Amino acid sequence: MADFPIVPVHKFLRSAFKILKNPLPFHKKNFREKGDTFWLKLGFGKSVVFSRNAAFAQYVLQKNQKNYTKSPIQTQDLAKYVGKGLLTAEGQHWATQRKLIQPAFHKKHLAQLIAKMQEVIEAELDKIKTDQPFDVFPVYNDLAFQTVVQALFSGAADQKVINRLQQITEEAQAMLVKELRQPYLGWWFKISGKLQDNIQKTREARKLLEQLVEERQALGVRQDDLLDMLLDARYDDDTAMSKDQLVDEIFILFVAGHETTSNALTFITQLLGLHPEVQQRVYEEAKACEHEDLGLQLRSLTYTNLVINESMRLYPPAYFIDRIALQEDSFENYKIKAGTSLLFSIYEIHRHPDFWEEPEKFNPLRFEDERLLKYSPYFLPFGAGPRMCIGNNFAMYEMILAVAALVKRYEIISDGRPIEIKPLITLKPQNASLTFRNR
């Protein structure tokens with residue numbers, strides 16, 4: 001048995017400022033020098049194993065997933081803001097909640113929400129200003145957030161409440177990023193009151209969500225939205241979720257359900273602007289099926305689906321997955337000690353030259369082979385194994401409808417500048433300036 005190649009602590013400390021802004025170039029350099037897996041020493045007895053080995057990721061996330069748990073980044077750091085919902089729960093609690101909630105995200109149930117999605121998408125796209133460059137990310141951020149609100153509450157939440165919920169979730173994420181990237185300032189975050197201020201705001205958000213749930217229960221009228229499905233859900237003993245647990249799950253849907261989708265839609269639109277020939281084909285496909293009902297459209301928009309998947313290959317919103325070994329283990333000829341922190345770079349796996357032909361090239365047709373989507377161990381935009389994102393179908397429906405609606409209305413024009421990224425908790429776009437022209 002061997003140990004993983006080591007990147008010493010002095011290399012980490014020497015690059016600390018650059019890592020704070022964007023850690024991906026530092027990791028790429030180490031992958032080139034050390035191979036597909038390396039052990040990074042962080043100092044003060046802390047270390048993490050970084051990997052872009054797809055077989056290793058598959059082993060940890062699927063084949064031997066019972067020996068690996070999510071890291072404290074999610075189970076503690078994120079959980080203190082959003083509670084113990086599916087994203088942050090572990091062990092038996094997670095398994096029980098997953099079994100309870102999974103039916104609400106079945107395709108047949110999501111089909112009932114398609115019209116609600118389309119209504120929000122059309123309203124948000126109305127806000128796009130034409131014939132002038134502007135950063136498109138805020139438009140998609142609002143679109144994705146409003147879509148989650150509509151899918152959950154069917155328009156019952158007023159705009160003031162929605163705006164406040166959106167503000168709180170975004171501020172909480174910004175605070176969490178500071179905690180993770182600047183752990184040496186933890187003492188300052190506490191004594192300055194910044195940490196407690198953000199926790200207090202998330203309590204305010206929970207109260208707002210509780211009020212929306214109570215209003216629905218008092219009204220007694222079904223909307224057949226996600227909230228009704230969650231209220232209907234029953235455990236094996238025929239009991240419903242407690243109000244606190246229900247709010248935890250709803251809060252997680254707000255945080256996870258809008259963040260990754262808004263990032264992905266921004267990257268997709270930038271890529272369409274940079275590749276007019278791809279944009280034209282998406283437009284022609286959308287026009288050809290625009291008179292079909294929305295369910296048929298989702299099945300007919302096959303090339304649009306390829307474009308979205310290729311965009312998420314290049315710019316996966318969930319660009320890393322972390323796990324901690326519960327017991328000693330081994331992979332190939334490497335020893336994994338109990339307690340080892342593992343970080344899999346989805347960004348690097350998606351661009352690995354051993355897995356992809358011309359990996360830096362935007363080529364949607366590479367996904368014509370459906371096996372890449374269904375069985376590929378190196379395409380992981382929604383994770384893998386039992387913890388694969390429960391909202392993957394919801395997100396895909398939303399993105400397909402949004403892209404089709406966008407290209408039917410507007411021609412997307414890029415100034416040709418390369419796409420800029422900002423790796424935070426998710427992979428975010430930066431300076432996503434585009435011009436839109438009415439068709």
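Here is a quick briefing on the fold, the sheet, the salt bridges and a few surface details of this structure. Keep in mind that this is a predicted model. The chain has 439 residues, and 53% of them count as buried. Its secondary structure comes to 20 helices and 13 strands. The radius of gyration is 22 Å, close to the 22 Å that the globule rule gives for 439 residues, so the chain is as compact as a globular protein of that length. If you want box dimensions, the C-alpha trace spans about 60 × 50 × 45 Å along its principal axes.

**The six-stranded sheet**

- Six strands make up an open sheet, in the order 1-2-3-9-6-4, and the pairing is mixed.
- Strand 1 (6-7) and strand 4 sit at the edges, each pairing on one side only.
- As background, strands of a sheet pair through backbone hydrogen bonds, either parallel or antiparallel.
- Strand 6 covers residues 320-325, and five of its six residues are buried, so this strand is mostly covered.
- On one side, strand 6 pairs with strand 9 (residues 341-345) in the antiparallel sense, over five bridges.
- Two of the matched pairs to look for there are Phe320 with Ser345 and Ile321 with Phe344.
- Strand 6 also runs antiparallel to strand 4 (residues 68-69), joined to it by two bridges.
- In that pairing, Tyr68 stands opposite Ala325 of strand 6.

**Salt bridges**

- Side chains of opposite charge can pair when their charged atoms come close.
- A search of the whole structure turns up 28 salt bridges.
- One of them joins Lys99 to Asp236, with the closest N and O atoms 3.2 Å apart.
- Lys99 lies in helix 6 (residues 91-101), while Asp236 is in the loop between helix 13 (226-232) and helix 14 (243-274), so this pair ties together parts that are 137 residues apart in sequence.
- Both Lys99 and Asp236 are exposed.
- Glu171 and Lys201 also meet through their side chains in a salt bridge, at 2.8 Å from N to O.
- That contact links helix 10 (residues 159-181), home of Glu171, to helix 12 (residues 194-219), home of Lys201, with the two positions 30 residues apart in the numbering.
- Glu171 has 25% relative accessibility, so it counts as partly exposed.
- Helix 12 also supplies Arg216, which is paired with Asp228 of helix 13, 12 residues away along the chain.
- The closest N and O atoms of Arg216 and Asp228 are 3.2 Å apart, and both residues are buried.
- There is a network too: Lys28, Asp36, Arg52 and Glu348 are linked by salt bridges.

**Cysteines**

- The structure holds zero disulfides.
- Cys289 is buried, with a relative accessible area of 3%.
- Cys389 counts as partly exposed, at 36% relative accessibility.

**A nonpolar patch on the surface**

- Trp187, Trp188 and Ile191 form a nonpolar surface patch, with about 380 Å² of accessible area together.
- Ile191 belongs to helix 11 (residues 186-191).
- At 62% relative accessibility, Ile191 is over the 50% cut-off, so it counts as exposed.

Conventions:
Residues numbered from 1 in each chain as written. Predicted model: local features only at pLDDT ≥ 70, side-chain atom pairs only at ≥ 80, totals over all residues. Heavy atoms only, no water. Patch = residues over 30% accessible without salt bridge, like charges linked within 9 Å, V, L, I, M, F, W, Y side chains within 5 Å. Areas by Shrake-Rupley, 256 points an atom, 1.4 Å probe, with all protein chains shown as cover. Salt bridge = Lys/Arg side-chain N within 4 Å of Asp/Glu carboxyl O. Helix = DSSP H or I, 4+ residues; strand = E, 2+ residues; numbered from the N terminus. Buried < 20%, exposed > 50% of the residue type's maximum accessible area, 1.4 Å probe, protein only. Pairing = 2+ DSSP bridges. Disulfide = S-S within 2.5 Å. Rg over C-alpha atoms; globule rule 2.2 N^0.38 Å.
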